Amino acid sequence: MSATATRLRRLATAAVAVTACGGAILLTPSVSSNDRASGHATVESLRRTISDPSAFVPSRAAQESALIGSKSDNPLDILVVGGGATGCGVALDAATRGLRVGLVEREDFSSGTSSRSTKLIHGGVRYLEKAVFNLDYGQLKLVFHALEERKQVIENAPHLCHALPCMTPCFDWFEVVYYWAGLKMYDLVAGRRLLHLSRYYSAQESIELFPTLAKRGNNKSLRGTVVYYDGQMNDSRLNVGLACTAALAGAAVLNHAEVVSFIKDEGTQWVIGARIRDNLSGQEFDAYAKVVVNAAGPFCDSLRKMANKDALSMICPSSGVHVVLPDYYSPEGMGLIVPKTKDGRVVFMLPWLGRTIAGTTDSSTSITPLPEPHEDEIQFILDAICDYLNVKVRRTDVLSAWSGIRPLAVDPNAKSTESISRDHVVCEDYPGLVTITGGKWTTYRSMAEDAVNAAIKSGKLSPSNECITSNLRLIGGDGWEPSLFTVLAQQYVRMKKSHGGKVVPGVMDAAAAKHLSHAYGTLAERVATIAQNENLGKRLAHGYPYLEAEVAYCARNEYCESAVDFIARRSRLAFLETDAASHALPRVIEILATEHNSMMGSISSVLKAISNFKALFIFLYIQAHTSSSVSRASETESRLIS
C-alpha cells in the first residue's frame, strides 16, 4: 500500500502543477550538452524520467516549436519521417543516445501498417522449419534474432504484451510427431528466451481447452494438438507508447505533419532537412537535420523518389487481411494456428481484447493510404477456419475487417533482386537520407538500432552513449504488476452524468479496471482520477470497457488530435466493432472539442469537426463495408452525416 500511496501523492502533485500551468506541463528535454560529459548519468536520468508517473510529455505546440527552431546553423542530429513502430523506435533509440531528434508523421502514430498487424510478437517458427529443411543458416539466425527481440518487447512493455498459448491441431499421428518435434526444437533454440514449454494434448484434452475445435478435419479424426507459446500485443497502443516515451526522452515528435519536400545543400546536394506541413493548421515550416531517416514503411519509395526521382523501387507490397469475430469463436487465453491449410497457407484464430481475430492473407497489392479488404479475401479466411471448427462460421458474424500492407523489401544496392527479404533493409542510396524498411513488428527495436547506427555513420554524429533500448521500459511499464487493476477497482469510482445531467457514482468494475491497467500501465490511475473527479466515468459503447475519461486523458497526454486517432488507435473500438465505434463517435468528438478548447461557433472548430467526420467516415466506411452487411455501411454513413 505504501507504493500505491506514493503514486497517489505524485499524481496529486502533478494535478496541482497541471492546474497551475493552465493544463500544460512542458518537459525540458532530458538530454543537454552538459549530459554528454557523463553518459551513465544521462541514461539513469532518462530511466527515472520515463518511469516517473508524475512526468508529462511536452504539448504538441511545444514539439512543433522545437522542430521549427532547428535551423541550418543549429540543425537536429536526426529527423525521422514516419511514426510507425520503426520510426518511433528510431526516435526513441536516438534520443536515448543523447542525440537531438525530431519525428514527423503524416497521419497519426501507428495509423498505417503498425496498427493493422496480426497482433503477434513471434519468434519465427516458420523460419525454423525452412532452416532445418533447407539447411539455411541465414534463416536460423533470423529465428535466434526474433526470439531475442520477442523477449525484450514483452519485458519492456509488460502491460501491453503477454505470452499466448497457440494450439496446432493434428489429424494424423505423423502430424503429431512432426509438430511436436518441430516445436520442441523451437523451445530448444529459444533457450533462456523461452516463454513456456510446448506440450502435446490428447484429443479430449484439446476439446476441453478449445471447445469449438472440430473433432474431425479433412475426413480424419483429431489425434490431439501441440501447444506452443508466442507473444501477443496491443500494437497501436505499443506504438503510441513508443512515441510518448521518445517524447519524454527529449525527441520532438509531431503527428499530422507531412514532409512536402526535402531541403538540399546547394553545393553537395546532400539532404539537410525537410519542408513540413502541419496538416491540422495548414502551416508550413522548415526543419533542418544532419541526417534524415526515412521510416515511412510502405511509402518509403515515395520519399526516396522525392529526393531522387530516378530511385529504383525497393518495396514489394503484400496485403494481410484480418477479420474480427465474436468472442465465442475462441476461448479466452488460447489461440489456434494451422501452419498449412489445403492450399498451403497459414491460418489462425486468436483471442484479442474480448473478441477473436482470424486471418490472414498474403497477396500482392498496390500501395494506398487506407487499404481495403476485399470480399474474396474475407471469404477465404472464413472458409479456412470453418474446416477446423465445430460451429457454423457465418458471414454475418464478421464485426470488422481490415487490411495491412507489409513492406517486403529489396535492397536497391544488392547485385541480385531475385529474393524478396522478410528481414529489414537499411540503405543510404542518396546522401543524407537513410532508409529503413522491411522487417516485422517483433524486431522493430533492433531495426531502429541499425538505422540509428547508419545515421550516426552517415552524419558523423557523436552520441553520448551506446544503444540502451534493449533494457528500457516504455512509459507505463516500469513497476507495473498484473494485480494493479485491484487498486483501481478498490480505490476509484466512475462518476457518470445521466441523460438528465445528474451526476451518479458507478463502480469501477473489474472489466474497466483490467482494461485501464493493461492499456495505460502504471499511468492507469491518471485515467481513473479523471473518471472520478471530472465526471467522465461513463462507458463510450455498450459491451466495451472504454471510458469517456480515456478520451480526455489521450488528448492531454498522448497527442490524440482527432476522433479517428482515439477510436482506431488510442482505443481499438473501430477495429473491434464498427457499430460500436459509430455509436461512440459523437461523444468522442464532443470531449475532444472541449479538451482542445474548440469553440463550436468558430470557423476553425467547424472545419476541424468536419475533418474529424470525414476522416472517421472514410475509416469506418471501409471497416463497415467489409463487416457483416452492406446496411451497416449506410447506417454508419447516415450517423456521420447527421
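Biologist: What phi does the residue that follows α7 take?
Modeller: This is a predicted model in which local features need pLDDT of at least 70, side-chain atom pairs count only at pLDDT 80 or more, and totals for chains, interfaces and linings use all residues. Residues are numbered from 1 along each chain as its sequence is written, and side-chain values use heavy atoms, with hydrogens and water left out. Helices (H or I, at least four residues) and strands (E, at least two) are DSSP runs, numbered from the N terminus. After α7 comes Gly191, and its phi is positive, near 55°.

Biologist: How far does α7 reach from its first C-alpha to its last?
Modeller: Helix α7 has 18 residues, 173-190. The expected span is 1.5 Å times one less than the number of residues. For α7 that expectation is 26 Å, and the helix comes close to it, reaching 26 Å.

Biologist: Which residues of α7 are buried, and which on the other side are exposed?
Modeller: Buried means under 20% relative accessible area, exposed over 50%, partly exposed in between (1.4 Å probe, protein chains only). Val176, Tyr179, Leu183, Tyr186, Asp187, Val189 and Ala190 are the buried ones in α7. They cover an arc of only 165° around the axis, taken from the directions to the C-beta atoms, which puts them on the same side of α7. The other side has three exposed residues: Phe174, Val177 and Leu188.

Biologist: Which elements do the buried residues of α7 pack against?
Modeller: Contact here means heavy atoms within 4.5 Å. By that rule, the buried residues of α7 pack against two helices, α5 and α6, and against the strands β4, β5 and β8.

Biologist: Why is β15 largely enclosed by the rest of the structure?
Modeller: Val347, Met349 and Pro351 point one way from the strand, while Phe348, Leu350 and Trp352 point the other way, and all are buried. Strand β15 is therefore largely enclosed, its count of buried residues being 6 of the 6.

Biologist: Which residue of β16 is the bridge partner of Leu350?
Modeller: Two strands pair if DSSP finds at least two bridges between them. Strand β15 runs antiparallel to β14, with 3 bridges, and antiparallel to β16, with 5 bridges. Towards β14, Phe348 is the partner of Ile337. Towards β16, Leu350 has as its bridge partner Ile357.

Biologist: Which helices do the buried residues of α16 pack against?
Modeller: Helix α16 (residues 548-557) is mostly covered, with 9 of its 10 residues buried. Those buried residues pack against α9, α14, α15, α17 and α19.

Biologist: Which residue forms an edge-to-face aromatic pair with Phe109?
Modeller: Rings of Phe, Tyr and Trp (its six-membered ring) pair if their centres lie within 6.5 Å; planes under 30 degrees apart count as stacked, over 60 as edge-to-face and the rest as tilted. By this rule the count comes to 11 aromatic pairs. In one of them, Phe109 has its ring 6.3 Å centre to centre from its partner, with 70° between the planes. The pair links distant parts of the chain, 450 residues apart, joining Phe109 in the loop between β2 and β3 to a residue in the loop between α16 and α17, Tyr559.

Biologist: What relative accessible area does Tyr559 have?
Modeller: Its ring partner Phe109 is buried, at 1%. Tyr559, whose positive phi is near 55°, is buried too, with a relative accessible area of 4%.
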